Amino acid sequence: MKLKIVGTVLAIVIFSSALQFSLRYSDLWINLTSSMPQGIYKVKALEEKRDEAVLFCLNKKRADFAKKRGYVGYGNCPANSAPLGKYLKGLPGDLAYIGKEGIKINGSLLSGTAPQLKDGKGSSLTAARLNRILDQDEFILASERTQSYDSRYFGTVKRTDLLNGLEAFYLF
């Protein structure tokens with residue numbers, strides 16, 4: 001019985017590793033979170049346009065926090081964290097506000113972006129605060145879903161942290 005369990009776990013680890021390896025060197029990215037439609041995305045050139053789906057890395061401090069909380073897995077971003085997928089909502093030159101109501105871009109509130117006091121596991125969350133025009137290398141990334149870990153908690157993202165654009169290939 002123990003041998004069967006060990007064999008099954010080993011097979012899962014090998015399959016998962018092979019899948020991650022093949023995806024790392026392909027132009028595909030799989031999203032299994034609820035902050036974007038679940039499915040397979042084709043990685044493409046970044047266009048930096050509003051509502052574009054993008055792949056990005058959190059900086060080391062944010063990545064350490066997100067890994068500790070289980071919001072991101074292992075990957076090739078700072079702190080060995082996985083990249084995240086979100087939507088570009090605030091672009092350089094936009095007036096961006098992050099507060100208790102949620103994220104506002106140029107005065108328009110994005111639905112579903114009010115910060116939550118606790119995450120899905122009951123751990124406390126601290127919302128970012130912002131009310132200014134975004135610099136030339138800053139972006140607001142968000143998903144209009146209540147439980148998304150996005151700019152409402154980590155603030156702005158630098159252009160250098162943006163990796164690629166994403167295009168839905170196959171949604172589950």
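Helices here are DSSP runs of H or I at least four residues long, and they are numbered from the N terminus. With that in hand, welcome to this structure, which is a predicted model.

Let us start with the whole chain. The protein chain has three helices and 12 strands. Of its 172 residues, 39% count as buried. What share of the contacts with a separation of 6 or more comes from residues 24 or more positions apart? Such residues account for 64% of those contacts. On the outside, the chain exposes about 10,000 Å², and carbon and sulfur atoms supply 59% of that area.

A good place to look next is helix H2, which covers residues 60–69. At its N-terminal end sits a cap: a side-chain oxygen of asparagine 59 lies 3.3 Å from the backbone nitrogen of lysine 61. Further along, the buried residues of H2 are Ala63, Ala66 and Arg69. They cover an arc of only 130° around the axis, so they lie on the same side of H2. Lys61 and Lys68, on the other side of the helix, are exposed. After H2 comes glycine 70, whose phi is positive, near 85°.

H2 also holds a salt bridge between lysine 60 and aspartate 64, with the closest N and O atoms 2.9 Å apart. How far apart are these two residues along helix H2? They are four residues apart, which means that about one helical turn separates lysine 60 from aspartate 64. Aspartate 64 has 35% relative accessibility, so it counts as partly exposed.

That pair brings us to salt bridges in general, of which the structure holds 12. One of them joins lysine 49 to glutamate 47, where the closest N and O atoms are 3.3 Å apart. Lysine 49 is partly exposed, with a relative accessible area of 43%, and glutamate 47 is partly exposed too, at 45%. Both residues belong to a network of salt bridges that links Lys44, Glu47, Lys49 and Glu52.

Another salt bridge connects glutamate 138 and arginine 132, with 2.7 Å between the closest N and O atoms. Are its two partners buried or exposed? Buried means under 20% relative accessible area. Glutamate 138 has a relative accessible area of 3%, so it is buried. Arginine 132, with a relative accessible area of 31%, is partly exposed.

Now turn to another arginine, arginine 152, which is found in helix H3, residues 151–154. Its relative accessibility is 0%, so arginine 152 counts as buried. What does its side chain reach at 2.9 Å? The partner is the backbone oxygen of serine 143. A polar atom of the arginine 152 side chain also lies 3.3 Å from the backbone oxygen of threonine 146. Leaving aside neighbours within four places in sequence, arginine 152 is in contact with a list of residues including Ile98, Ile103, Gly112, Pro115, Ala127 and Arg145.

From helix H3 we move to strand S12, which spans residues 162–171. Two of its residues make a helpful pair to look at. Leucine 166 is found in this strand, and with a relative accessible area of 6% it is buried. Phenylalanine 169 also lies in S12, but its relative accessibility is 57%, so phenylalanine 169 counts as exposed.

Which residues does leucine 166 touch, not counting those up to four places away in sequence? Among them are Trp29, Met36, Tyr41, Val43, Ala53, Leu55 and Gly85. Leucine 166 also touches valine 54. Leucine 166 and valine 54 are 112 residues apart in sequence, yet their C-alpha atoms are 5.2 Å apart in space. Lys44 is touched by leucine 166 as well, and Lys44 is also part of the salt-bridge network described above.

Phenylalanine 169, for its part, leads us back to the surface. Together with Leu28, Leu32, Tyr170 and Phe172, Phe169 forms a nonpolar patch there. How much accessible area do these residues have together? The patch has about 580 Å².

Note on methods. Residues are numbered from 1 along each chain as its sequence is written. This is a predicted model: local features need pLDDT of at least 70, side-chain atom pairs count only at pLDDT 80 or more; totals for chains, interfaces and linings use all residues. Side-chain values use heavy atoms; hydrogens and water are left out. Patches are made of residues with over 30% relative accessible area and no salt bridge: like charges are joined within 9 Å, nonpolar side chains (Val, Leu, Ile, Met, Phe, Trp, Tyr) within 5 Å. Accessible areas come from the Shrake-Rupley method with a 1.4 Å probe; for residues, only the protein chains shown count as cover. A salt bridge is a side-chain nitrogen of Lys or Arg within 4 Å of a carboxyl oxygen of Asp or Glu. Buried means under 20% relative accessible area, exposed over 50%, partly exposed in between (1.4 Å probe, protein chains only). The arc is that of the directions from the helix axis to the C-beta atoms. A polar contact is a pair of N or O atoms within 3.5 Å; within protein, one must be able to donate a hydrogen and the other to accept it, and residues adjacent in sequence count only if both atoms are side-chain atoms. Contact means heavy atoms within 4.5 Å.
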